[in-house]
Amino acid sequence: MSNLEYIQRDLAVVWHPCTQMKDHETLPMIPIRRGEGIFLEDFEGKRYLDAISSWWVNLFGHANPRINAALRAQLDSLEHVMLAGFTHAPVIELSERLVKLAPHGLTRCFYADNGASAIEIALKMSFHYWRNCEQPKKTKFLTLENSYHGETLGALAVGNVALFKDTYAPLLMETLTAPSPAGTDRASGESLEAYAYRKFQALEIMLAAHADELAAVIVEPLVQGAAGMRMYPPIYLQWLRAACDKYQVHLIADEIAVGFGRTGTMFACEQAGIRPDLLCLSKGLTGGYLPLSVVMSTEQIYQAFYADYQKLSGFLHSHSYTGNALACRAALATLDIFESDNVIENNQVLSTAMRTSTAHLQDHPHVLEVRQQGMILAIELTKNKATRELYPWQERRGLRMYQYALQHGALLRPMGGVLYFMPPYVITPEQIQQLADIATGAIDAATQD
Ligand SMILES: *Cc1c(COP(=O)(O)O)cnc(C)c1O
């Protein structure tokens, strides 16, 4: 069957995520027949370099032989068993290894099967902790401008991207929103750190005023992904950690996108030397193979739920596929690769290649900024470099870059006027150079008029 036949069958029955389906009247979707390493291949043999890790999940390439082998072996012994009252080797081993890897003091692992569910769990755990500790007034959450935490109602409520959130506003709980340290109103001459501190001070005033009703502050450490890969310096997290301690508010770190090496360290929080009270992980956790997420908590939080059943203080949350054995096995195979291949260190060569291959774009008349944090590099367009004006969203410049890149064999999926690379770690420096060439062409094509 050809691409076209699959497209026609698809459009008759499938409703796609994050898509205005009418776009497909003019924008062909791409049926994928197979994946191999960094490449995806359609039904006519055309190959696409997957520069965004298939929505930020893939770490070691498609159809990775080592993860495949681990999954095949797991399939022959156990695919799944409910995790209430039962357990299995992969979930135990994975939890042991995550506790060793994560910031010291996160001793407990609670599983779900996607990022948004992990956020819901973290919110409920924090709220419920304060209730169990006889501080039932602490029910609110403080979030940052431009943050993203997923699409379910609780996660959407603590997120702050208008495109996803505004429509559903009447359904969402109220949250407090502090200015972001990765905002866009930095004064000329103001350092990144001075800017972040100014934004932190605004947050601290809110914390001080609302501490008695706040359960937690939730942040994406170092990179606000869905807002357009907006970045801020690690020291902000140190200030935030200290303030959360001072005002007795939990710190929830959403490392769903930035965990597992994306920012150059295994976890972004490491760069600030801090430990959140709750850490949410997903996406790269299984190497991009299977849906799995985990919320890691401190022993203190865990112990606040631990009591005789009659006290009814347990955390009675569940999902049918909690701790799925195949997903845990894929995660273990992924962690094996990190260990045996010295991935975090070797990635430095790749992040340097990303920087040098795109350095010339700083001078492009329609590039506002090229920013990077480890293995994430973003290029933001501007209509007018002098005034820093952005292109109106209605012009869909990002879509033009997307289409140009596909024609030239790369999967790049800009967010508005922000083009970014977030590739699997099996990419080579040569492929990074090809990608930078395609990105340059895409930017030229999208900013011609
Ligand atoms: C993707 C993402 C989520 C949501 O994860 P899903 O698996 O898509 O529900 C939450 N937080 C961040 C920072 C993300 O990037």
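A residue counts as buried when its relative accessible area is under 20%. By that rule Cys 280, at 0% relative accessibility, is buried. The structure described here is a predicted model, and the cysteines offer a friendly way into it.

A disulfide is a covalent bond between the sulfur atoms of two cysteines. How many disulfides does the structure hold? The count is 0. Cys 109, for instance, takes part in no disulfide, and the nearest cysteine sulfur, belonging to Cys 328, lies 9.6 Å away. For a pair to be counted, the two sulfur atoms have to be within 2.5 Å. Cys 280 is also without a partner, because the closest cysteine sulfur, in Cys 269, is 11 Å from its own, which is too far for a bond. Is Cys 109 buried or partly exposed? With a relative accessibility of 22%, Cys 109 falls in the partly exposed class, whereas Cys 280 is buried.

The strands come next. Strands of a sheet pair through backbone hydrogen bonds, either parallel or antiparallel. Strand β1, covering residues 32–36, runs antiparallel to strand β2, covering residues 39–42, and 4 bridges join the two. Within this pairing, Glu 36 sits opposite Phe 39 of β2. β1 and β2 make a hairpin that leaves 2 residues between the strands, and Gly 37 in the turn has a positive phi of about 60 degrees.

What does β2 pair with on the way to β3? β2 and β3 (residues 47–50) are themselves antiparallel partners, with 3 bridges between them, and Leu 40 has Tyr 48 of β3 as its bridge partner. This hairpin has 4 residues between its strands, among them Gly 45, whose phi is positive and near 85 degrees. β3 also pairs with strand β15 (residues 410–411), this time in the parallel sense and over 2 bridges. In that pairing, Asp 50 is matched with Leu 411 of β15.

Another sheet is built from 7 strands. It is open, its pairing is mixed, and its strands follow the order β4-β12-β11-β10-β7-β5-β6. Which strands stand at the edges? They are β4 (106–112) and β6 (176–178); each has a single partner strand, so one side of each is left without a neighbour in the sheet. On average, neighbouring strands of this sheet are turned by 20 degrees against each other, ignoring direction. At the β4 edge, the pairing with strand β12 (residues 293–298) is antiparallel and spans 6 bridges. One of the matched pairs there is Ala 112 with Ser 293 of β12.

β4 and β12 appear again around an open space. The second largest pocket has a volume of about 880 Å³. Its lining counts 34 residues, and those nearest the centre are Cys 109, Phe 110, Tyr 302, Phe 315 and His 317. Helix α4 (89–101), β4, β12 and helix α10 (299–305) each give at least two residues to this lining. Which of the elements supplies the largest share of the lining? It is β4, with 5 residues. Sorted by class, the lining of this pocket contains 20 nonpolar, 12 polar and 2 charged residues.

The model also has enclosed space. Rolling a probe the size of a water molecule over the atoms shows where empty space is left. There is 1 cavity of 30 Å³ or more, and the largest cavity has a volume of about 40 Å³. Around the largest cavity are Ser 147, Tyr 148, Gly 150, Leu 156, Gly 159, Asn 160, Val 161, Phe 164 and Lys 165. Of these lining residues, 4 are nonpolar, 4 polar and 1 charged.

A few individual residues complete the picture. Ser 54 is not a glycine, yet its phi is positive at about 50 degrees. Ser 54 belongs to helix α2 (residues 53–56) and is partly exposed, with a relative accessible area of 27%. Phe 260, also not a glycine, has a positive phi of about 60 degrees. Phe 260 lies in the loop between β10 (250–254) and β11 (278–281), where it is buried at a relative accessible area of 1%. Pro 423 is found in the loop between β16 (418–421) and α14 (429–446), and it counts as buried at 1% relative accessibility. Between Pro 423 and Ala 325 there are 27 Å in space, C-alpha to C-alpha, and the two are 98 residues apart in sequence.

Key: Residues are numbered from 1 along each chain as its sequence is written. This is a predicted model: local features need pLDDT of at least 70, side-chain atom pairs count only at pLDDT 80 or more; totals for chains, interfaces and linings use all residues. Side-chain values use heavy atoms; hydrogens and water are left out. Two strands pair if DSSP finds at least two bridges between them. Buried means under 20% relative accessible area, exposed over 50%, partly exposed in between (1.4 Å probe, protein chains only). On a 1 Å grid over the protein atoms alone, a cavity is a set of points where a 1.4 Å probe fits but cannot get out, and a pocket is an open set with protein on both sides within 12 Å along at least five of seven lines; lining residues have an atom within 4 Å of a point. Grid points are joined across faces, edges and corners, and a volume is the space filled by probe spheres set on the points. Ala, Val, Leu, Ile, Met, Phe, Trp, Tyr, Cys and Pro count as nonpolar, Asp, Glu, Lys and Arg as charged, and the others, Gly among them, as polar. Axes are lines fitted to C-alpha atoms, for helices over the stretch in contact, and angles run from 0 to 180 degrees between N-to-C directions.
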